[in-house]
Amino acid sequence: LIIGQRDTRQRHAVAKQSGQPASLHDDLFGFDVGCVLPAPFGHGIGAATRDRPVGGYGAAIMEALKINHDDIVVEFPPDGSSPPERIKDLIEKIEEGYDFVIASRYMKGARSYDDDIVTSFGNWMFTRVINLLFRTKFTDALIGYRAYRRSAIDKLNVRATKLDWSVELPILFAKSGAKITEIPCDEPRRIGGKRKMHPIKTGMAISRVIIWEFFQVAIRMKK
């Protein structure tokens with residue numbers, strides 16, 4: 001599953017990283033909502049696309065999930081910050097039996113070259129809060145580069161429609177008892193597109209998701 005925009009720079013960014021011509025990705029990245037392609041990366045010629053805009057990142061992914069019914073879903077940010085050659089590693093972990101696999105920027109052996117002071121602190125802080133409240137062991141709960149089993153996400157009540165999708169998903173997978181793991185994966189500096197994250201606005205949205213999901217746990221424990 002790839003989510004992107006009509007941005008020629010993003011197509012060239014992925015083409016540069018994958019070693020394939022940019023024209024190969026015209027079908028994959030000429031959209032506003034989402035594009036579905038079978039894994040592994042590069043087998044998606046003729047993949048289904050939608051040109052109808054929807055209200056946010058999470059809504060776009062949910063729209064794309066309606067198109068595709070493959071057993072394994074990969075979320076791939078196409079701005080050049082996600083090495084496409086690691087898609088196969090995410091898929092291999094799912095095939096080993098995991099339900100949700102994160103390409104972590106902060107595991108030992110990996111680092112982010114795209115972070116600034118604000119994003120680095122925010123990612124660290126929210127990941128720590130999630131680990132504390134939900135008894136998880138994430139190193140990178142907010143990254144948009146991850147894979148999951150279709151049968152596992154179909155069981156979740158996902159509500160987030162914007163960038164808060166990135167944090168709601170790992171929380172819901174953890175609450176559901178899904179089998180979760182991470183792999184170390186560098187985050188190169190993006191070479192296409194602009195960051196759409198607004199620290200205050202996005203931070204508040206993420207905080208609301210965390211608080212809501214924590215209270216749902218508290219309410220369930222009281223019953």
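Two residues are taken to be in contact where their heavy atoms lie within 4.5 Å. On this criterion, and leaving aside neighbours within four places in sequence, I206 of the predicted model is in contact with F126, L142, D164 and V167. I206 is found in helix α8 and is buried, its relative accessible area being 4%. The separation between I206 and F126 amounts to 80 residues in sequence, whereas their C-alpha atoms are 8.2 Å apart in space.

The protein comprises eight helices and six strands, which follow one another along the sequence in the pattern α-α-β-β-α-β-α-β-α-β-α-α-β-α. Of its 223 residues, 49% are buried, and the accessible surface comes to about 11,400 Å², with carbon and sulfur atoms contributing 55% of that area. Among contacts with a separation of 6 or more, 71% are made by residues 24 or more positions apart.

Within the strands, β5 (residues 146-149) is paired with both β3 and β4. Strand β3 (residues 72-75) runs antiparallel to β5 and is joined to it by four bridges, while β4 (residues 100-104) pairs with β5, likewise in the antiparallel sense, over three bridges. A147 of β5 takes part in both pairings, since it stands opposite V74 and is also the bridge partner of V101.

Helix α7 is largely enclosed by the rest of the structure, because nine of its eleven residues are buried. These buried residues are W165, S166, V167, E168, L169, P170, I171, L172 and F173. Just after the helix, G177 adopts a positive phi of about 85°. One of the buried residues of α7, V167, is among the contacts of I206 listed above.

A further set of contacts involves E213, which is likewise found in helix α8. E213 is buried, with a relative accessible area of 4%, a value that falls under the 20% limit used for buried residues. With neighbours within four places in sequence again left aside, the residues in contact with E213 are F134, E168, I171, L172 and K175. Of these, E168, I171 and L172 belong to the buried residues of α7.

E213 also belongs to the lining of the second largest pocket, together with K155, L156, N157, R159, L172, K175, S176, W212, Q216 and R220. The elements that supply two or more residues to this lining are α7 (165-175) and α8 (199-222), and the greatest contribution, four residues, comes from α8. By residue class, the lining of the pocket divides into five charged, three polar and three nonpolar residues, and the space within the pocket is about 180 Å³. L172 and K175, which are in contact with E213, are both included in this lining, and L172 is in addition one of the buried residues of α7. The second largest pocket is thus described, in the predicted model, by a lining to which both α7 and α8 contribute.

Terms used. Residues are numbered from 1 along each chain as its sequence is written. This is a predicted model: local features need pLDDT of at least 70, side-chain atom pairs count only at pLDDT 80 or more; totals for chains, interfaces and linings use all residues. Side-chain values use heavy atoms; hydrogens and water are left out. On a 1 Å grid over the protein atoms alone, a cavity is a set of points where a 1.4 Å probe fits but cannot get out, and a pocket is an open set with protein on both sides within 12 Å along at least five of seven lines; lining residues have an atom within 4 Å of a point. Grid points are joined across faces, edges and corners, and a volume is the space filled by probe spheres set on the points. Ala, Val, Leu, Ile, Met, Phe, Trp, Tyr, Cys and Pro count as nonpolar, Asp, Glu, Lys and Arg as charged, and the others, Gly among them, as polar. Buried means under 20% relative accessible area, exposed over 50%, partly exposed in between (1.4 Å probe, protein chains only). Two strands pair if DSSP finds at least two bridges between them. Accessible areas come from the Shrake-Rupley method with a 1.4 Å probe; for residues, only the protein chains shown count as cover.
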